[in-house]
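Student: Please take me slowly through one part of this model, the stretch around a helix and the loop that comes after it, and then show me how that part sits among its surroundings. I am new to this structure, so I would be glad of a connected account.

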Amino acid sequence: MIDDAAAEAAASGAVGGVLDPEHPQGTFVLEPGVMAPLVARIATSEGSGTHRSMCPFTGAPLVTFPVSSAEDVAACVVRARVAQRAWARRPVRERAEVLQRLGRIVLERQSEALDLVQLETGKARRAAFEEVADIAQVARHYAVRGERYLSSRRLSGMIPLLTGVQVHRRPVGVVGAIAPWNYPLVLALAEALPALLAGNAVVLKPDPQTTLTALWAAEALDDAGLPAGLFQVVAGGPEVGEELVEHVDHVAFTGSTATGRKVAARAGERLIGATLELGGKNALYVADDVDVDAAVPGIVRACFSNAGQLCVSVERLVVHEAIADEFVAKFVRAVRNLRLGPALDYTADVGSLTSAAQLDKVTAHVDDALARGARVLAGGVHRADVGPYFYAPTVLDDVPAQATVAREETFGPVVTITRVDCDEDAVTVMNDTEYGLHAAVWSRDVGRARRVAERVECGSVAINDGYTLTWGSVAAPLGGWKASGLGGRHGSASIDGLTRRQTVVTSRGARFGATLDSLYGLGGDTPSRVLTTALSVMRRLRMS
Ligand code: NAD
């Protein structure tokens, strides 16, 4: 995907060229031949405008592509609706086969996906690989479990034996997925796969910075045999997202809490469903019984994977006083040893921030904390020598409660340290936030860690792991409490949000005249007496 010809094309001003003065041989350049078919997939019409994205490793232009107008979005949803009707009639098993093939394609063609994800986000390759692994897991899970999730249920009815009750799951129709830039492959597909399996169509609005990865996902679904019109990509900024919410039957939104509130308000007015995966201020408690040497590498990863631009990343370390000195010393040493760099291979531990806006926010949070008396134990500096948006993994101590970094989501490589002297205080500190996305507890005593977890107000809690095992356990629901979201993804949670239940009740007695109407036909108080007797018997037999 990256070669010298592309570098030449870039130098000649071809769309998608990257000019990296540090790497004249073409590193961080996309082949126009790869880009053109992707860009051609955008649902757009003449004159809708363009967007130019850049490569965070260099800050140089990456690709210029057309965006979608309001009319394009509306037309896309109409197309999706037509395709969805036929798709919903296909057997679940057939729909599941598409997911099986998609899972294989993502693994087999991972190097294409990894390059694109890295070039659009600036992340380290191992963080990009997490995306490939996640989608392979999600695709396999729903392909295997889908039929069971979607199967109809029989329940007891009003009149035992004479009433048949079935509860079916029906697709909602067209799902609008709106995604941020931080995990572009995961966020293009993680909700789309269960949505498609359930018989829906999906229109995706990715962040403009990571549109190519979303288009690659569309291409992969195409190659997996998904019929046309069922997964389309509209391109552009917030206004395109707003327009999408106006047309779809359900919105699966991932992004900031501020935007989530707006999307939820509009979905409420339209009376459509909304799943909201929002921000967090995640805490990790290090109890006094941990083996510090064994724990440090996992805790470093929990804080700095994807340069902290991960919804379930840890931004607050809550450390038991009894081991705080030893833990902090070893943790800080490991953080200072993290390898930063722009590399399309596995040599870097931590990549770049994705944009100037991210760099500004991280810098502002750290500067504000320092101005209020916090101490920097590691990092605290913009690493322009590595790349325009690189920021050193940062550990802050003595952060006052009023500091922005103590309360607001930084979404960057910055972690604060708070000391506590018992589990009780740890729980209080962990819950002292408007968010409730994810938390972690490190302790040798799993029973003790579970008791802490029980009292933490979060949608998920990991024990002796940062986030990977929670995220990768795709059969279990994952979703935020409090200001971190509504609804959830993974397992049956996605299917719950992406389907409507329909109850079909059959009067079985109609065939031989044993109906409520024939009872009422007896006149007088007979029907009431018969029903009173029946209800009393059911009560005594404890029938549900
Ligand atoms: P954002 O809310 O600014 O944007 C997210 C998406 O919404 C983008 O595609 C954007 O163009 C679109 N958008 C913006 N305004 C809109 C509007 N009014 N109507 C419809 N769409 C609109 O989010 P961001 O700051 O780019 O992303 C980072 C945030 O995402 C962080 O808060 C992070 O925690 C969160 N996130 C959460 C999860 C999760 O699963 N909980 C996962 C990844 C990221």
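Tutor: The names used below rest on a convention: helices, marked H or I and at least four residues long, and strands, marked E and at least two residues long, are DSSP runs numbered from the N terminus. Please also keep in mind throughout that this is a predicted model.

With those names in hand, we can place Asn306, which sits in the loop between α12 (292-304) and β11 (314-320). The helix before that loop, α12, has 13 residues, and from its first C-alpha to its last it reaches 18 Å, close to the 18 Å expected at 1.5 Å a residue. At the start of α12, a side-chain oxygen of Asp291 comes to within 3.3 Å of the backbone nitrogen of Asp293. At the other end, α12 is followed by Asn306, whose phi is positive, near 50 degrees, although Asn306 is not a glycine. Asn306 counts as buried because its relative accessible area is 5%, under the 20% that sets the limit.

The covered side of the helix deserves a slow look. In an α-helix there are 3.6 residues a turn, so residues three or four places apart point the same way. The buried residues of α12 are Val292, Ala295, Val296, Ile299, Val300, Ala302, Cys303 and Phe304. These buried residues pack against β10 (282-286), β11, α13 (321-336), β13 (394-397), β14 (414-420) and β16 (438-442). Some of the packing can be followed through a single residue, since Phe327 touches Val292, Val296 and Ile299 as well as Val286, Leu317 and Val319, when residues up to four places away in sequence are not counted.

Phe327 also leads us into the interior. The largest nonpolar core has 150 residues, and Leu317, Phe327 and Phe331 are those with the most contacts inside it. Helix α6 (residues 125-150) gives the most to this core, with 10 residues. Apart from it lies another core, of 14 residues, among them Tyr285, Ala287, Val318 and Ala426.

Another loop offers a useful contrast to the one after α12. Leu271, in the loop between α11 (257-270) and β9 (273-277), has a positive phi of about 55 degrees although it is not a glycine. Leu271 counts as exposed because its relative accessibility is 77%, whereas Asn306 is buried at 5%.

The end of α16 (residues 423-431), where Asn431 lies, can be read in a similar way. Asn431 counts as buried because its relative accessibility is 16%. Its side chain reaches the backbone nitrogen of Glu457 at 2.9 Å, and, leaving aside neighbours within four places in sequence, Asn431 is in contact with Arg455, Val456, Glu457 and Lys482. Asp432, by comparison, is placed in the loop between α16 and β15 (435-436), and it counts as partly exposed because its relative accessibility is 44%. Asp432 touches Arg316 and Arg407, again not counting residues up to four places away in sequence, and a polar contact of 3.3 Å joins the side chains of Asp432 and Arg407.

A second helix can be set beside α12. Helix α9 (residues 211-223) also has 13 residues, and because a rise of 1.5 Å a residue should give a span of 18 Å, the 19 Å between its end C-alpha atoms agrees with that expectation. α9 is mostly covered, with 11 of its 13 residues buried, including Leu212, Trp216 and Glu219. Just after α9, Gly225 takes a positive phi of about 100 degrees.

Finally, there is the ligand, which 27 residues surround, the closest being Ala179, Lys205, Ser256, Leu278 and Glu409. One nitrogen atom of the ligand is 2.8 Å from a polar backbone atom of Leu278, and a polar side-chain atom of Glu242 lies 3.3 Å from a nitrogen atom of the ligand. On the oxygen side, an oxygen atom of the ligand is 3.4 Å from an N or O atom in the side chain of Arg489. Taken alone the ligand exposes 860 Å², and the protein buries 88% of that.

Technical notes: Residues numbered from 1 in each chain as written. Predicted model: local features only at pLDDT ≥ 70, side-chain atom pairs only at ≥ 80, totals over all residues. Heavy atoms only, no water. Expected span 1.5 Å × (residues − 1). Buried < 20%, exposed > 50% of the residue type's maximum accessible area, 1.4 Å probe, protein only. Core = buried A, V, L, I, M, F, W, Y, C linked by side-chain atoms within 4.5 Å. Contact = heavy atoms within 4.5 Å. Near = heavy atom within 4 Å. Polar contact = N/O pair within 3.5 Å; in protein donor to acceptor, adjacent residues only side chain to side chain. Areas by Shrake-Rupley, 256 points an atom, 1.4 Å probe, with all protein chains shown as cover.
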